[in-house]
Amino acid sequence: MTERRTVADFMVTDVLTVPPGMEILHAVRLLLDRKLSGAPVVEEADELVGMLTKKDCFKAALNAAYYKEWSGTVDQYMTRAPETLDAGLDIVSAAERFLATPYRRFPVVEDGRLVGLLSRSDLLRAFVQLS
């Protein structure tokens, strides 16, 4: 691997996003239907404001179990100010971030805007492809 490859070279750009005002049950159904473990939460102009993970959704599910109905919106359950990767970050540094955190995927930003998502699988595939 002599050339410098970046997160932008391997990230997924066709990403399901959800708005903070979406009903939580609708968001949960989207994650389940698409077999995703989470989705970036964005406001207008792709401004990243959070991440909604299945773990976050369990909080809503427990509330629904107690109160016999789903209620609330994504912004009530999402993880705010998620850790991100810069699109220009080299893949070795990205791998180090994955090793240092429990996260399975990172939102990728450029100039404060969401431009993609990088998962552990995407990055591992990059290293295999480049070997």
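Let's start with helix H2, residues 24–33, where the buried residues are Ile24, Ala27, Val28, Leu30 and Leu31. They span an arc of only 160° around the axis, so they sit on the same side of H2. The spacing fits what you'd expect in general: an α-helix has 3.6 residues a turn, so residues three or four places apart point the same way. Keep in mind as you look around that this is a predicted model.

What do the buried residues of H2 pack against? Their partners are E1 and E2, along with helix H3 (54–67) and helix H4 (74–77). Turn to the other side of H2 and you'll find Arg29, Leu32 and Asp33, which are exposed. After H2 comes Lys35, with a positive phi near 55°. Arg34 is in the loop between H2 and E1. Arg34 counts as partly exposed because its relative accessibility is 48%, a value that falls between the 20% and 50% cut-offs. For a sense of distance, try Arg34 and Arg4: they are 30 residues apart along the chain, and their C-alpha atoms are separated by 33 Å.

Now zoom out to the whole chain. Its secondary structure amounts to 6 helices and 6 strands. Walk along the sequence and the pattern reads α-α-β-β-α-α-β-β-α-β-β-α. Along the principal axes, the C-alpha atoms fill a box of roughly 55 × 25 × 25 Å. Of the 131 residues in the chain, 41% are buried. As for the outside, the chain exposes about 8100 Å², with carbon and sulfur atoms supplying 51% of that area. Contacts also reach along the sequence: among those with a separation of 6 or more, 55% are between residues 24 or more positions apart.

Leu85 is a good residue to click on next. You'll find Leu85 in strand E4. Is Leu85 buried or exposed? Its relative accessibility is 0%, so Leu85 counts as buried. Setting aside neighbours within four places in sequence, the contacts of Leu85 include Val7 and Leu118. Leu85 also touches Ala94, Arg97 and Phe98, as well as the run Phe106, Pro107, Val108 and Val109. Not everything comes together in space, though: Leu85 and Ala61 are 24 residues apart in sequence, and their C-alpha atoms are 30 Å apart.

A couple of loops deserve a look for their backbone angles. Ala45 is in the loop between strand E1 (38–43) and strand E2 (47–53). Phi of Ala45 is near 60°, a positive value in a residue that isn't glycine. Ala81, in the loop between strand E3 (79–80) and strand E4 (85–86), has a positive phi too, about 50°, and is not a glycine either. Ala81 counts as exposed because its relative accessibility is 69%, and the cut-off for exposed is over 50%.

That leaves the pockets. The largest pocket has a volume of about 440 Å³. Its lining comes to 17 residues, and those nearest the centre are Thr53, Pro102, Tyr103, Arg104 and Arg105. Which elements give two or more residues to this lining? They are E2, H3 and strand E5 (105–110). H3 contributes the most to the lining of the largest pocket, with 4 residues. Sorted by character, the lining of the largest pocket has 6 nonpolar, 4 polar and 7 charged residues.

The second largest pocket holds about 180 Å³ of space. Val12, Asp14, Val15 and Leu16 are among its lining residues, and so are Leu36, Gly38 and Pro40. The rest of the lining is Arg105, Leu117, Ser119 and Asp122. Here the elements that give two or more residues are E1 and strand E6 (113–119). The lining of the second largest pocket divides into 6 nonpolar, 2 polar and 3 charged residues. Notice that Arg105 turns up in both places: it is one of the residues nearest the centre of the largest pocket, and it also lines the second largest pocket.

Conventions. Residues are numbered from 1 along each chain as its sequence is written. This is a predicted model: local features need pLDDT of at least 70, side-chain atom pairs count only at pLDDT 80 or more; totals for chains, interfaces and linings use all residues. Side-chain values use heavy atoms; hydrogens and water are left out. Buried means under 20% relative accessible area, exposed over 50%, partly exposed in between (1.4 Å probe, protein chains only). The arc is that of the directions from the helix axis to the C-beta atoms. Contact means heavy atoms within 4.5 Å. On a 1 Å grid over the protein atoms alone, a cavity is a set of points where a 1.4 Å probe fits but cannot get out, and a pocket is an open set with protein on both sides within 12 Å along at least five of seven lines; lining residues have an atom within 4 Å of a point. Grid points are joined across faces, edges and corners, and a volume is the space filled by probe spheres set on the points. Ala, Val, Leu, Ile, Met, Phe, Trp, Tyr, Cys and Pro count as nonpolar, Asp, Glu, Lys and Arg as charged, and the others, Gly among them, as polar. Accessible areas come from the Shrake-Rupley method with a 1.4 Å probe; for residues, only the protein chains shown count as cover.
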